[in-house]
Amino acid sequence: MPNMLEVEKVDQHFRCGFLMRRTQVLHAVELRVPAKSIFGFLGPNGAGKTTLITLIAGLRKPSSGVIKVGGHDATGTAARMKTGYLPERPYFHDHLTGEGLLKYVGTLSGMSRPKILARIPKVLSLVGLTEARRVELRKYSKGMLQRIGIAQAILHDPEFLVLDEPMSGLDPLGRKEMRELIVGLAAGGRTIFFSSHIITDVEAICDNVAVINKGRMIGCGPIGEFLSKGPVKTEIAFAGVDAAAARGIDGLEQVREMPDGIRALVPGQEAVGRALTQLLDLKARILWVNPVRPSLEEIFEQPAGGRRAP
């Protein structure tokens, strides 16, 4: 499958402070995003996600390296026509209605009036805002503002969507609705590239993921690869054994009491069998045995230099 996005050895630096010292933000970043896929971009706050996204969206040129969208330079007209962009903190004139915002954005992007008027009902229907099309933006909820943000990004029917933290600030239901919207947009043949610092948002819908920390790529690939690289732990919950006896069992860590028993963590797979054998010898009743996925922080602590995306 051809790549929609190619980022090759991109560096980015800025001049900061009174003395305008050079600060490097991105270091030889490389990634490839296959066409018609949902690609997640993970990293903690300050990792360089938004900096790279502004380069991908063509808002500035990298200090060095190459970024191509659909085979075209990201800052060129051909690439911009293929790209729809939602920044992390978009600003919309709140006196406008949803419909009015789309007319304004469409005009700014050079679309003809007939095309704008034909596209508005379609995009409002896609994002679920048909009933709110004549409501002023100041009356929109956070989730509705994110949806109208996506509506303006897809108004010109781009092949490639770049969404910077589209689920930021949403409640659990809003996050679920946003994930469903992204999946629906991808089903229409678009390539979706979105950033997040929440693993579950990415894991639920993405085909591939890239992880960045401190401006350096940790790696690219299926998210399962990154979860498998973290420390392997297993949670065991049991009843019928008191906490003092449980703390004496070899391999059990972070022993905690709960209303119906005790839960503890076991590091490594080999120790699980030994811990279970000792618990059964003490006549314990096993409530559950669950693998514990590594935290995002543990994944970010991995050294940079993971596998490149295909």
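Are F39 and F193 buried or exposed? In this predicted model, F39 is buried, and F193 is buried as well. These two residues belong to the aromatic contacts of the structure, of which a search of the whole structure finds two pairs. A pair of aromatic rings is described by the distance of the centres and the angle of the planes. For F39 and F193, the ring centres lie 5.7 Å apart and the planes meet at 10°, and because planes under 30 degrees apart count as stacked, the pair is assigned to that class. The contact links distant parts of the chain, since F39 sits in strand 3 (residues 38–42) and F193 in strand 8 (residues 191–196), with their positions 154 residues apart in numbering.

The other pair is formed by F41 and F193, with a centre-to-centre distance of 5.4 Å and an angle of 40° between the planes, and its geometry is tilted. Here too distant parts of the chain are linked, F41 being located in strand 3 and F193 in strand 8, 152 residues apart. Both partners, F41 and F193, are buried. Through these ring pairs, F39, F41 and F193 are linked into a cluster.

Turning to the start of the chain, strand 1 (residues 3–16) and strand 2 (residues 21–34) run antiparallel and are joined by 10 bridges. Within this pairing, E6 has R32 of strand 2 as its bridge partner. The two strands form a hairpin in which four residues lie between strand 1 and strand 2, and G17, located in the turn, adopts a positive phi of about 80°.

A further feature is the largest pocket, the volume of which is about 810 Å³. Its lining comprises 25 residues, and those closest to the centre of the pocket are R80, T83, V105, S109 and H156. Two or more lining residues are contributed by each of helix 2 (77–82), strand 6 (83–86), helix 3 (98–108) and helix 5 (142–154), and the largest share, four residues, comes from helix 3. By residue class, the lining of the largest pocket divides into 15 nonpolar, eight polar and two charged residues.

With regard to the overall organisation, the domain assignment of the protein gives domain 1, covering residues 3–228, and domain 2, covering residues 233–293. The C-alpha centres of domain 1 and domain 2 are separated by 44 Å.

Technical notes
Residues numbered from 1 in each chain as written. Predicted model: local features only at pLDDT ≥ 70, side-chain atom pairs only at ≥ 80, totals over all residues. Heavy atoms only, no water. Domains from an automatic or database assignment. Phe/Tyr/Trp six-rings, centres within 6.5 Å; stacked < 30°, edge-to-face > 60°. Buried < 20%, exposed > 50% of the residue type's maximum accessible area, 1.4 Å probe, protein only. Pairing = 2+ DSSP bridges. 1 Å grid on protein atoms, 1.4 Å probe; cavity = no way out; pocket = protein on both sides within 12 Å on 5 of 7 lines; lining within 4 Å. Points joined across faces, edges and corners; volume = space filled by probe spheres on them. Nonpolar A, V, L, I, M, F, W, Y, C, P; charged D, E, K, R; others polar.
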